[in-house]
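Hi there,

Here is the structure I promised to pass on to you. Please open it alongside this email, and my notes follow underneath.

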Amino acid sequence: MTAPADGLAQAAGDLRQAAARCAELAHDSTLDAPLVTRLIERVSALADELCWELAAADPAGSAPNST
Amino acid sequence: VTLSTRANSLWETASRERVTALVDARLLQVLARAYVEVPFYRWFYGQAGVDPRRFRSSDDVRRDLPFVTKADLLAFQDSPEWERLDQREVRQFHLTSGTSGAGREVHLRDQRDLAAFGTGGGYSFVWAGLRPGDRILLTIPYTQTMAGPYFQAACEAAGVVPVNGFTLDSETRIDALGRYGCAAVSITPSHLHRLTVLAQQQGIEPARDLPRFKAVIMSGESYGVGWARSMEAYWGARLHEGWGATQTLGVAMATCARGAVVDGPGGPARGTLHGLDHRCVIEVLDGDEPAPPGGVGEIVITTLRISAMPCLRFRMGDRVRRRAGACPCGATFSTYVAASIGRIDDMMKVRGMNVWPAAVDAAIFESTAVADYRGRLLTDDEGREQMELAVELRPGIASPDELQAALRAAVKARVGITPTVRIVTPGGLAEPILAGTDTFKARRWTDQRLGQTVASA
């Protein structure tokens, strides 16, 4: 485990949280933009996948809790 | 190819202890989530009287979690529960091929599955030495099964550019390798053999005509080591192998950078398949017990990265040989012997299609004129896979020409392949081979393709 990988895992977790926040905002708003909603869905799913591929570097072991 | 080729060194070289700890934790999460959120598992474990949320360790899982089979998935699809499924989160669905005659499994996919779709194949491609921008000729058919979209997703995961050769004939595929500067081809061993024969007939010298070509990624069938080396010698490329299925969302095992065939102390030897252990738990079971290192058993998979329809302790019906030791490549992933994967039942792969001898039996024995038959699979001088049937008639049967045509048509209708049929007079066939000392199941088939000579089915 290396320090850069630890930082990467942390940043990927932040990305996932940001995607979740985007989903909340899109859900709560009156935005009429289904393609934006889809982009958020796709980014969120990719953030999950990124977190999992980085899970071996995650010292807190938090990345597996993605689903 | 250097031995340092890695797709993700974070997992590939992590200690076994760390991988095991993370996978075990994830396994329990996946089981609990599946029981609560995936209708099939609520139905299946409910019927079995099992609540996987009570499991505390992977040992509990291996001891007490019931196996899932194709029959279970098909039974659920036939139940009223299936009709009531909420499919609003479904983004794709993939069917199994259905050539067993038992029915086609439907595997629903959500957005998380699509994000995870190509990663396994991405490992395979990177281990084969492919890099972003390299081009690969795809020859596996793009239909309602998973294969087509899967290979596209694997390309995207690895940054490899797909050259879609699904609908091209063999000659045009050879042309495409050069025209588009392909670095690789994804192909079944039998079709690689066919392309090789054609390319040699056309006078193609890969070293001169295909300067970028460096990897062949095979799947779907077994092959001989000598044959594999001859392919490498001609194409000037390393042969690789991947194994996966609809139930695993693509590749779950692949050969590392050393390839499908390696230099052994006594000559060419089978390479090593590595399990993507952080994405799919692979059990190799002899009966219901783990096969020892070096032993052969059925592949039972538990997927960790599938969301909509995970497969949990799913009996694949494929067998593999475990490798006794670690791989010199240094990866800590589990190890299996390349080209050791086959069916535990009697299914045969012919021209990329699943063929069950029982289906051929049904076609042949529909005719009351037939006493018995023997089947042989072979590779002809043109590199084509052929199915040859020697059919013994009952005494007193006339009109063998009409019967030949009728039997060819009947087999074609049942299994999708037209065999050659040779009529043998009564008493002309040898006794069938028996499958073992504990069974009287007759083996009517011999497989003589690609340097293999094995009795089967």
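Below is what I found, going from the whole chain down to a single residue.

**The chain as a whole**

Please keep in mind that this is a predicted model. Chain B contains 15 helices and 26 strands. Its radius of gyration is 23 Å, close to the 23 Å that the globule rule gives for 457 residues, so chain B is as compact as a globular protein of that length. If you are setting up a box, the C-alpha trace of chain B spans about 70 × 60 × 45 Å along its principal axes.

Of the 457 residues in chain B, 55% are buried. Among the contacts in chain B with a separation of 6 or more, 65% are between residues 24 or more positions apart.

As for the surface, chain B exposes about 19200 Å², and 50% of that area is supplied by carbon and sulfur atoms. On the charge side, chain B has 53 positive and 51 negative charges, and the mean positions of the two groups are 4 Å apart.

**Strands and sheets**

One open sheet in chain B is made of five strands, in the order 13-12-14-15-17, with antiparallel pairing. Its edges are strand 13 (289–290) and strand 17 (342–343) of chain B, each of which pairs on one side only. Within this sheet, strand 14 (residues 296–303) and strand 15 (residues 314–321) of chain B run antiparallel and are joined by five bridges. If you want a place to look, B:Ile301 stands opposite B:Phe314 in strand 15 of chain B.

There is also a hairpin, formed by strand 9 and strand 10 of chain B with two residues between them. Strand 9 covers residues 261–264 and strand 10 covers residues 267–270 of chain B; four bridges pair them in the antiparallel sense. Here B:Asp263 stands opposite B:Pro268 in strand 10 of chain B.

**One residue in a loop**

Finally, have a look at B:Thr188, which is found in the loop between strand 5 (184–187) and helix 11 (189–201) of chain B. Is B:Thr188 buried or exposed? With a relative accessible area of 14%, B:Thr188 falls under the 20% cut-off and therefore counts as buried. Leaving aside neighbours within four places in sequence, B:Thr188 is in contact with B:Ile140, B:Ser219 and B:Glu221.

Happy to talk it through whenever suits you.

Best wishes

Technical notes:
Residues numbered from 1 in each chain as written. Chains lettered and ligands numbered in written order. Predicted model: local features only at pLDDT ≥ 70, side-chain atom pairs only at ≥ 80, totals over all residues. Heavy atoms only, no water. Rg over C-alpha atoms; globule rule 2.2 N^0.38 Å. Buried < 20%, exposed > 50% of the residue type's maximum accessible area, 1.4 Å probe, protein only. Contact = heavy atoms within 4.5 Å. Areas by Shrake-Rupley, 256 points an atom, 1.4 Å probe, with all protein chains shown as cover. Lys, Arg positive; Asp, Glu negative; His and termini not counted. Charge placed at Lys NZ, Arg CZ, Asp CG, Glu CD. Pairing = 2+ DSSP bridges.
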